[in-house]
Amino acid sequence: MDYDVIVIGGGPAGLTAALYAGRARLKTLIVESFSVLGQAIITDRIENYPGFPEGINGFDLVEKFKKQAEKFEVEFKTGDVSEVKKHDKGWEIKIKDKSYTALSLIVASGAKPKKLGVAGEEKLQGKGVSYCATCDGALYRDKEVVLAGGGDTAIEEALFLTRFAAKVKVAHRRDRLRATKILQERALANKKIEFIWESTITEITGDNKVSGVKIENVRTKEKGEVPCDGVFIFVGYSPNTDFVKGVLKLDKGGYIAGDDNMKTSEKGIFACGDCRGKLLRQVVTACGDGAVAAFSAQQYVEELKGVAYK
Ligand code: NAP
């Protein structure tokens, strides 16, 4: 076999798993996605990861995780895993036309932003429709933007966007926010943020660039239009698990089903971080998952090799 462990995904969960696997002296490869930017990386400031009382930029934090994993002889590769299949001694993954084998796999493939699924969204993506405030926020200096969502991501990103935009109008389908209380307090106190309560975006308008959104009040069914220069969409995430469909048991949201030891429905495959079904998706819980997944993989590999410490 090429490796003892292949970790799929280079976010906080995957990098922590790789760090632990490296320290356990398992021959470890970590595959970072070529096309998907991790959610932590695109977060401007993470203020609930312990040890950084001033908060830390997501990219900087992930770079630190990476440096730490590199210290323990973990191999890095960039690519998108398209397939996972059984091999007589373990598992095989495919990246483009190359295959790699390992005794065990740790899936830490994260999640991607959900689309709203309204008219104009697809057509105007990159022309005013965005799913990443850190990437595109600076394009809206002194402009007006509309933002969809009411969770932690939406409110954090709305606050971030106020650094640039003249006005951030948050369209949320309820009359209160899902986001954690401290974020709610900050957003409600921010003069640049306006709320369009109990409303959903039904269409994004514009020909070659966004000119506005059509909205509808979910209670009164009243319709309206809000002119704007950009639309930011933060209505949750869906897991990056297409490549393990039919291999691993997934829950109804498409998240990988497993137990507290990160074991999945297949022996030798472990799942950690945002791609697995769980209550709280944060950097700190992703790291915890990653450590447990690596330890479970270590036990599994050492059993196979007949060198387990019992
Ligand atoms: P989320 O918690 O699932 O919130 C999604 C928001 O979008 C909800 O307010 C939801 O409305 C709304 N929504 C969903 N589908 C919609 C639709 N079709 N039309 C209009 N609105 C829609 O997602 P998230 O905010 O991205 O957070 C994901 C996870 O990451 C959570 O566990 C969160 O706590 C965590 N997170 C944590 C932090 C932090 O700790 N600093 C930062 C970011 C994310 P309803 O409220 O009506 O369902």
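Here are a few friendly notes on a predicted model, starting with one helix and moving on to its surroundings.

1. A good place to begin is helix α1, which covers residues 12-23. Its twelve residues reach 16 Å from the first C-alpha to the last, close to the 16 Å expected at 1.5 Å a residue.

2. Next, look at how α1 sits in the model: the helix is mostly covered, with ten of its twelve residues buried. These are P12, A13, G14, L15, T16, A17, A18, L19, A21 and G22. The cover over them includes the helices α2 (58-70) and α6 (283-305), along with the strands β1 (3-8), β2 (28-32), β3 (75-78) and β6 (98-107).

3. Just after α1 comes R25, where phi is positive, at about 60°. You will meet R25 again in point 5, since R25 is in contact with D4.

4. Two of the covering strands, β2 and β3, also pair with each other, in the parallel sense and over four bridges. If you want one bridge to find on screen, V31 has K77 in β3 as its partner. Between these strands the chain passes through α2, and this β-α-β crossover is right-handed.

5. Finally, D4 in strand β1 deserves a visit. Is D4 buried or exposed? D4 counts as buried because its relative accessible area is 9%, and the cut-off for buried is under 20%. The D4 side chain makes a polar contact of 2.8 Å with the side chain of K305. Leaving aside neighbours within four places in sequence, D4 is in contact with R25, L26, K27, A102, L103, S104, V301 and K305.

Definitions and conventions
Residues are numbered from 1 along each chain as its sequence is written. This is a predicted model: local features need pLDDT of at least 70, side-chain atom pairs count only at pLDDT 80 or more; totals for chains, interfaces and linings use all residues. Side-chain values use heavy atoms; hydrogens and water are left out. The expected span of a helix is 1.5 Å times one less than its number of residues. Buried means under 20% relative accessible area, exposed over 50%, partly exposed in between (1.4 Å probe, protein chains only). Contact means heavy atoms within 4.5 Å. Two strands pair if DSSP finds at least two bridges between them. A crossover is right-handed if, with the strands pointing away from the viewer, the path from the first strand over the helix to the second runs clockwise. A polar contact is a pair of N or O atoms within 3.5 Å; within protein, one must be able to donate a hydrogen and the other to accept it, and residues adjacent in sequence count only if both atoms are side-chain atoms.
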